[in-house]
Amino acid sequence: MPVEFLGIAATSDGSETTPRTTAAFDRDYTLRLARAHEDHGWDRVLFAYGAGAPDPAPSAAYLAAKVDRLQILLAHRPNVSYPTFAAKTFATLDRISDGRLTVHFITGGSDHEQQREGDFLTKDQRYARTREYIGIVKKAWTSREPFDHEGEHYRFNDFVSDVFPVQEPRPNVSFGGSSPAAYAAGGAEADIYCLWGEPLAATAEQIERVKEAARAAGRTDTPRIQVAFRPIIAPTEELAWEKAHRTVAAIKARRESGGDLVRRGVGGAPQNTGSQRLIEIAEQGERYDRALWTLTAAATGGAGNSNALVGTPETVAAALLDYYDLGADILSARGYDLVGDAIDFGRHVIPIVREEVARRDAAKAAERAAAEAAAKERDRHQLIAVQA
């Protein structure tokens, strides 16, 4: 089974630990960070979405025209545009990138964040809208004939697009969430289901929930699983843990100082189930399994992808392989010094994981070949016995 690595496509240099020194959209920094990923073994980067933040779609178009290999995961909230318009935007981006686009649909876990851009639906209503929205986008990507639609949230007549994606039959759809409504919507519509890093047992339970939702929707396949972490690596375990505690201290200092971190809504009591789960896990313990550390999530109030993996590159790689063994074949990682951490992770962690996955794949292939050879030999002996 292949393994892929997802990084971040930030348009400015700020993080939970460091105030930004660039404009909110800085072309040079955006390209510098992307090239750090492309040059160090990453497969794709995520353009995230936030109310008031730079629009990720033109940011992605800019990047796609500047790099040759790196794939793009574009976050999109259904409340910000009509689905037929969005489908054309995505198809155009897939053309610009020559088939390197995946779209990540965000339902929205915070009423406050959604209302910043005029969305006053309830959470369950938002999930119903997202599911309808994705269905329309998929049809607009693939239908060469005009079609009508009359649903709970959208109605139109005689739409057909004149721009279609490069990818056949369409780009992949990515989705995330940890509530029953999220599992139902993503299990039905997603090609990739995204989870935040939790302990192995909890992650296994979530993966099974996604599979159950896919079966309930009548699917014969299941979404690929992506799991996301904040790795903190250093040459020794001792140095890695010292770095981890410095990171948490910096996060707390940033929160106490206010500024752009507070304006973006980091901290406070979260409404979304995923963040609530991270807080609950942190309250139950600091360390889980090989390297999972929850104090980074606790320090941000469970904001987004915030649980860390701490240790040497070998320790963090082994921890990632534990999740790979559960069925997560897309591994998302983002540091706090975005460029430096992307380079370090790409140099020191990604090769270990890829080599071990390749070794396992080769061993499995050898086992299959040996089993097939043994079966053929049994058949030969049986034939000889019958002829005798």
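This section describes the nonpolar cores, one helix and its packing, and two buried loop residues in a predicted model.

The largest nonpolar core comprises 74 residues. Within this core, the residues with the most contacts are F90, F105, F175, L320, F345 and V353. A second core, separate from the largest, contains 12 residues, among them I232, A234, I251 and Y336.

Helix α3 covers residues 83-96. For its 14 residues, a rise of 1.5 Å a residue gives an expected span of 20 Å, and the end C-alpha atoms are 20 Å apart, so the expected and computed spans agree. The buried residues of α3 are P83, T84, A86, A87, F90, A91, L93 and D94. One of these, F90, is also listed among the residues with the most contacts inside the largest core. The elements that cover the buried residues of α3 include the helices α2 (56-64) and α5 (123-142), together with the strands β3 (71-76), β4 (101-105) and β6 (155-159). After α3 comes D98, which has a positive phi, near 55°.

The packing of α3 against α5 was examined further. The axes of these two helices are 9 Å apart and form an angle of about 50°. This angle falls neither under 35 degrees nor between 65 and 115 degrees, nor over 145 degrees; α3 and α5 are therefore oblique to each other. Their crossing is right-handed. On the α3 side, the contact involves P83, T84, A86, A87, F90 and A91, which meet Y133, I136, V137, A140 and W141 of α5.

Two loop residues were also considered. Y154 is located in the loop that connects β5 (147-150) and β6. Its relative accessibility is 7%, and Y154 therefore counts as buried, the cut-off being under 20%. Beyond residues up to four places away in sequence, Y154 touches P78, Y82, P83, R129, E132, Y133, I136 and H149. Among these partners, P83 belongs to the α3 side of the helix pair, whereas Y133 and I136 belong to the α5 side. The C-alpha atoms of Y154 and L33 are separated by 38 Å, with their positions 121 residues apart along the chain.

D43 occupies the loop between α1 (27-38) and β2 (44-47). With a relative accessibility of 14%, D43 likewise counts as buried. Although D43 and L70 are 27 residues apart along the chain, their C-alpha atoms are separated by 5.8 Å. L70 is one of the contacts of D43 outside its neighbours within four places in sequence; the others are V3, E4, F5, R69, Q71 and R354.

Definitions and conventions: Residues are numbered from 1 along each chain as its sequence is written. This is a predicted model: local features need pLDDT of at least 70, side-chain atom pairs count only at pLDDT 80 or more; totals for chains, interfaces and linings use all residues. Side-chain values use heavy atoms; hydrogens and water are left out. A nonpolar core is a set of buried Ala, Val, Leu, Ile, Met, Phe, Trp, Tyr and Cys residues joined through side-chain atoms within 4.5 Å. Buried means under 20% relative accessible area, exposed over 50%, partly exposed in between (1.4 Å probe, protein chains only). Helices (H or I, at least four residues) and strands (E, at least two) are DSSP runs, numbered from the N terminus. The expected span of a helix is 1.5 Å times one less than its number of residues. Contact means heavy atoms within 4.5 Å. Axes are lines fitted to C-alpha atoms, for helices over the stretch in contact, and angles run from 0 to 180 degrees between N-to-C directions. A crossing is left-handed if the near helix is turned anticlockwise from the far one by less than a right angle, and right-handed if clockwise.
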